[in-house]
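Trainee: I have the model open. Let me ask why each label is used, and hold you to the cut-offs.

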Amino acid sequence: MSVHDTVIRQPGKGLDHRFNFDDAFSDGEDGDEVLEFNSAAIRKHLAENYSWAPEDSENREEEENTEEEVSTEHDTSVSTFNLDGGLPESHPRSPSPSTPPEFDSPPDFSQISLSEDPRVSAEILPEDQLENIPEEDGTSFPAVHIDVSKPPSSRIVSNIESEAPGYNHDESNLALHRARTPSASTTPPAVDPTPAEPPLLSASTSSPLPKELPRNTMNHKPSRSAGPSVFQKVVSKTRPPFLPPKNRQEDKKHMADWETMMKLSRAAGEQIEEKRRKALQERRLARELKIEESIHIWEKEILPDWRVVNRNPALRRLWWNGIPTKLRASMWERAIGNALALSKDNYRACLSRAKRALSSGIFPAETLTLIEQDITTTLPALHIFHPSTGPLYQDLKDMLCAWVVSRADEGLGYANGAAKIAAMLLINMPAQQAFVVMRNLLERHCMRSFYGGIGTKDDVEAYYRIFDTLLADGMPKIYFNFKQHQISPAAYLPDWLIPLFLDHLPFEACARLWDVLLLEGDSFLFRAALAILAVLESRLFFPDRQELLELLEGKNKAAIEVAKRDGRTMDGGKYEIYGVDEETLWERIDSMDEWWRESTWKRLTQRELPDL
């Protein structure tokens, strides 16, 4: 079979491969010829049949340049098939895995366009029809930027706006919308040879542009409903949302039943709390009655020489149970002593100096303000130190002013919390006796360190380390919890020791603590502080540091709400809302006998305070 194939090239059409079969049933000797259509076979055939090439190479180059310009001016999305396996320089594209290796090809090859656009397919038209195609003005497609953070009217920005001043963005979007709308006419619109404005964006399916978002012309004012919303009115409060809804009447009935049960529960809780308070009050009265019945033992064995309690364990235990009210003033005065050797006239002298300073105006106004503010927070539940109606208000103020004058010689001023100590002493003894007792009490080393200002800061830090060691030995869980939250004794211990617990504990519990404190000395201060933490232990394990600090300050919001609901008074000790009372506190103090050792206290003070 003899097969002759001819490659015919027409301007603008590329290659036209035609096969001529002379004799399909020939039994010639040329044998069966295998036809291949690839780049190597075509190159070989072109080398053998080169007679079709035009003689004028210059015309051929001009024709190819014209074809390349027409193909590159109109649409950048024209797909080309290059027999060389390469890509045109004017349209760089990423190489495809199926593209054959590149090779050098003659300059006579043209590109075969796959686009259906009339303008793009101008390559394959005859030369006499190319002149009728309108030319583009050479303007490149604009770059469109969309910024969703801006208002809808100015989200779409193109480079035409920056290149052509006076360009109307709204008109451009409107024209773009019209261009994107399908039209029955297929005739391309006429192009004005001298346009007054830059050309509009071309509507090409290969590069769609976003439409302009609708403008928000309505301004809605935010409004807040004063009552429940429509959803809250219809949603069931007695049925989980994942279950089928209830009947409306059934839901109302169940809601009423729930409210009734809650009222009964609150009433039962109030009754239980009332019974607990009554039982606690009865036990306290029984204990006080027992103390009063033991007054003859106090008068016979302890009053003549109070030091006998240090040698007799039974009398020492009697002291720990509490001092009778009528003997408290004398027992406190003897237990504290008079290390400063002050006379009863010392109070008169200091008070007269204070009054002269007040009358002449040389008494510090800031100090006087601190005294008045401290008095207003002193034992508010007793109402005897109220500035306007309290019978002991003026006595307390005079005593504090005299105390400030007595400290002036040492360069010390007023310390917040002194009003609590003075008030406790004034309740149990006259002002002259209370002044002497107060000055000697605050001269004890631990109290003087906390009342001494900046000069005793090192001693205060030493006491913090002592308390930390005792806490780690006796209550390791609380110790490590505080370390985890970075809470040191400085965050809570001064608030306890400076007013001697009067701000945080009930008055009856403080009175009994004072009885033992004045007998045992500074070591009992730290034992009482550890007992308070033991009572609060179940509440101290908060995940948040701020919540833990609020609890130590007596400002836990949940406990305050419960106390208000139970009807407890909020003007007593701050820790009363946690259920801390005299009975529970002393249970903890007595339970510390198993591990508390006075020898440990002495060893720690000798290590931290060697000069004591």
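Trainee: Why is Cys-350 called buried or exposed?

Mentor: Buried means under 20% relative accessible area, exposed means over 50%, and partly exposed lies in between (1.4 Å probe, protein chains only). Cys-350 has a relative accessible area of 6%, so Cys-350 is buried.

Trainee: What should I know about the model behind these values?

Mentor: The model is predicted: local features need pLDDT of at least 70, side-chain atom pairs count only at pLDDT 80 or more, and totals for chains, interfaces and linings use all residues. Residues are numbered from 1 along each chain as its sequence is written, and side-chain values use heavy atoms, with hydrogens and water left out.

Trainee: What is the relative accessible area of Cys-446?

Mentor: The value is 0%, so Cys-446 is buried.

Trainee: How many disulfides does a search of the whole structure find?

Mentor: Zero. The criterion is a pair of cysteine sulfur atoms within 2.5 Å.

Trainee: How do α11 and α15 cross?

Mentor: Helices here are DSSP runs (H or I, at least four residues), strands likewise (E, at least two), numbered from the N terminus. The axes of α11 (residues 345-360) and α15 (residues 431-441) come within 8 Å and cross at roughly 90°. That makes α11 roughly perpendicular to α15. Axes are lines fitted to C-alpha atoms, for helices over the stretch in contact, with angles from 0 to 180 degrees between N-to-C directions. Angles under 35 degrees count as roughly parallel, over 145 as roughly antiparallel, 65 to 115 as roughly perpendicular and the rest as oblique.

Trainee: Which residues of α11 and α15 meet?

Mentor: Contact means heavy atoms within 4.5 Å. Asn-346, Tyr-347, Arg-348 and Cys-350 in α11 meet Ala-431, Gln-432, Phe-435 and Arg-439 in α15. These contact residues divide into four nonpolar, two polar and two charged. Ala, Val, Leu, Ile, Met, Phe, Trp, Tyr, Cys and Pro count as nonpolar, Asp, Glu, Lys and Arg as charged, and the others, Gly among them, as polar.

Trainee: What makes Arg-348 buried, exposed or partly exposed?

Mentor: Its relative accessibility is 47%, so Arg-348 counts as partly exposed.

Trainee: And Arg-527, in helix α21: why is Arg-527 called buried or exposed?

Mentor: Relative accessibility is 6%, so Arg-527 counts as buried. Leaving out residues up to four places away in sequence, Arg-527 touches Trp-320, Ile-589, Met-592, Asp-593 and Trp-596.

Trainee: What joins the side chains of Arg-527 and Asp-593?

Mentor: A polar contact of 2.3 Å. The term needs a pair of N or O atoms within 3.5 Å; within protein, one must be able to donate a hydrogen and the other to accept it, and residues adjacent in sequence count only if both atoms are side-chain atoms.

Trainee: Which residues of α9 are buried?

Mentor: In α9 (residues 313-320), Leu-315, Leu-318, Trp-319 and Trp-320 are buried. Their cover includes α8 (295-302), α10 (328-336), α20 (507-520), α21 (522-535) and α24 (582-591).

Trainee: What phi does Phe-501 have?

Mentor: Phe-501 has a positive phi of about 70° although it is not a glycine. Most residues other than glycine have a negative phi. Phe-501 lies in the loop between α19 (493-497) and α20. With a relative accessible area of 3%, Phe-501 is buried.

Trainee: Is Ala-341 buried or exposed?

Mentor: Exposed: the relative accessible area of Ala-341 is 65%. Ala-341 has a positive phi of about 55°, and sits in the loop between α10 and α11.
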